[in-house]
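Here are a few notes to read alongside the coordinates, arranged as numbered points. I hope they help you find your way around.

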Amino acid sequence: MTDFKSEFLRTLDERGFIHQVSDPEALDKKFASETVTGYIGYDPTAASLHVGHLMQIMMLHWMQKTGHRPIALMGGGTGMIGDPSFKDEARRLLTVEDIASNIEGIKKKFENFLTFGEGPGDAVMANNADWLLGLGYVEFLRDVGRHFSVNRMLSFDSVKLRLDREQSLSFLEFNYMILQAYDFVELNRRYGCTLQMGGSDQWGNIVNGLDLGHRMLDTQFYALTSPLLTTASGQKMGKTANGAVWLNADMLSPYDFWQYWRNTEDADVERFLKLFTTLPLDEITRIVHGDATDINEAKKILATEVTSLVHTPQLAKEAAATATAVFEAGQLDLSLPTIQIGWTALEGGLGILAAAVTAGLAGSNGEARRHIQAGALKVNDAAIDDEKLSLGKGHVLPEGVIKLSIGKKRHVLLKPI
């Protein structure tokens, strides 16, 4: 760790957020002597951010917590292109309506982490569509494009990777890094922003913004990136066998979100407590290394703390109580994730393979079949060994549901209506 003097950089450093910093001594001095405005950009490629974004959201949270002004920049303009960085192929182009809808879904979650308003320390929610969509193409090329070297742009890893694989990189995508750099210039003009943060894979794009700001405005800009986060076993954060771990409750239930963190690998618990909760560092040390340490209890604390931040303390408490009822007391908890099905499906006999797929416990009939062969698929807590089993009215519990499970930790209720 570096001996930072400013509270913000010291907090980020102690908690494991920092990978690279441009001119760290000057930035530390700036944070120690004035209110700094910094931003992170989010392209609205879906209606919710996922766990992979949570590290950067926490950086904005700590920025405001230590007395500075964070900007959450929505990519209403850049989202019309899509960041090509380290992608094998072009992103699907979204409509203006899709982008607007996604931004609305994303905005709600930030209010759990940041306080927005008009004060000097209040967070700002900006949208780069406000300036990008009104640009004149020829004027933009003359005023901004002339500052970019194609030779240098071709040297960036994100571009080289596509070219080395002989995969197409469209002119549209190639322009993304210019637009992102221009965002930095506009945010400085509008809000006095001098810092851009992001994941380490964004370093090249962020440095572009630093260079452009210096050339166009003769202003000192700064960059700070966080490490790309993987689990102790090398898995990328935010992804599971069933897809992304979304932050919005309508895309992933608070219970499933809590369970994701409860299943954290032992070696990751302390690191994740530092990155994804606001618990004091000495308390984290006590939780993980104290005399009465129980790693499973530490995981429950992690799950509840993160779920409290992303959802609410009440929903986190309910998720923890549901888990206790299901796993420790063996009870049926009706707050488990629930999928509605028609009574007609049961009257005709709903195949167990199709039921597992409908419940989201398997991605295909073949995967469901493999779960049965491994003895992992259960109906009402009873293991199934017949892949031709049909669920009917006789499987409906007195509570009016059928409980499907994979192993001990994944449960879904089928509710006939």
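1. Start with His147 and the company it keeps: beyond its neighbours within four places in sequence, His147 is in contact with Leu212, Arg215 and Met216. Please keep in mind throughout that this is a predicted model. His147 sits in the loop between α6 and α7, the latter spanning residues 150-155. Is His147 buried or exposed? It counts as buried, because its relative accessibility is 18% and the cut-off for buried is under 20%. A C-alpha to C-alpha distance brings in one further residue: His147 and Asp211 are 8.6 Å apart in space, with their positions 64 residues apart in sequence.

2. Helix α6, at one end of that loop, covers residues 137-143. It also supplies 3 residues, the largest share, to a nonpolar patch. Which residues form this patch on the surface? They are Tyr137, Val138, Leu141 and Phe171, and together they have about 450 Å² of accessible area. Leu141, whose place is in helix α6, is partly exposed with a relative accessible area of 38%. That value fits patch membership, because a patch residue needs over 30% relative accessible area.

3. Now for the sheets. One of them is open and has 6 strands, in the order β1-β6-β5-β2-β3-β4, with mixed pairing. Its edge strands are β1 (20-21) and β4 (124-127), each of which pairs on one side only. As a reminder, strands of a sheet pair through backbone hydrogen bonds, either parallel or antiparallel. For a worked case, take β3, residues 69-74, which pairs with β4 in the parallel sense over 4 bridges. If you would like to check one bridge by eye, look at Ile71: its bridge partner in β4 is Val124.

4. Two helices can be placed against this sheet. Helix α3 (residues 51-65) lies across β2 (37-42), β3, β5 (195-199) and β6 (222-226), and runs at about 160° to β2. Helix α4, made of residues 96-110, lies across β2, β3 and β4. What is the angle between α4 and β3? It is about 160°. Strands β2 and β3 are thus crossed by α3 and also by α4.

5. Another open sheet has 5 strands, ordered β9-β15-β14-β11-β12, and its pairing is mixed. Why is one side of β9 (338-341) and of β12 (382-383) left without a neighbour in the sheet? Both stand at the edges and each has a single partner strand, so nothing in the sheet flanks the other side. The pairing of β9 with β15 (residues 410-416) is parallel and runs over 4 bridges. Within it, Ile339 stands opposite Leu414 in β15.

6. Finally, do have a look at the loop between β11 (377-379) and β12, where Asn380 is found. Asn380 has a positive phi of about 55° although it is not a glycine. Asp381 is found in the loop between β11 and β12 too, and it has a positive phi of about 70°, again without being a glycine. How do they stand on accessibility? Asn380 is partly exposed, with a relative accessible area of 23%. Asp381 also counts as partly exposed, at 45% relative accessibility. Both labels follow because partly exposed lies between the 20% and 50% cut-offs.

Notes:
Residues numbered from 1 in each chain as written. Predicted model: local features only at pLDDT ≥ 70, side-chain atom pairs only at ≥ 80, totals over all residues. Heavy atoms only, no water. Pairing = 2+ DSSP bridges. Contact = heavy atoms within 4.5 Å. Axes fitted to C-alpha atoms, helices over the stretch in contact; angles between N-to-C directions. Patch = residues over 30% accessible without salt bridge, like charges linked within 9 Å, V, L, I, M, F, W, Y side chains within 5 Å. Areas by Shrake-Rupley, 256 points an atom, 1.4 Å probe, with all protein chains shown as cover. Salt bridge = Lys/Arg side-chain N within 4 Å of Asp/Glu carboxyl O. Buried < 20%, exposed > 50% of the residue type's maximum accessible area, 1.4 Å probe, protein only.
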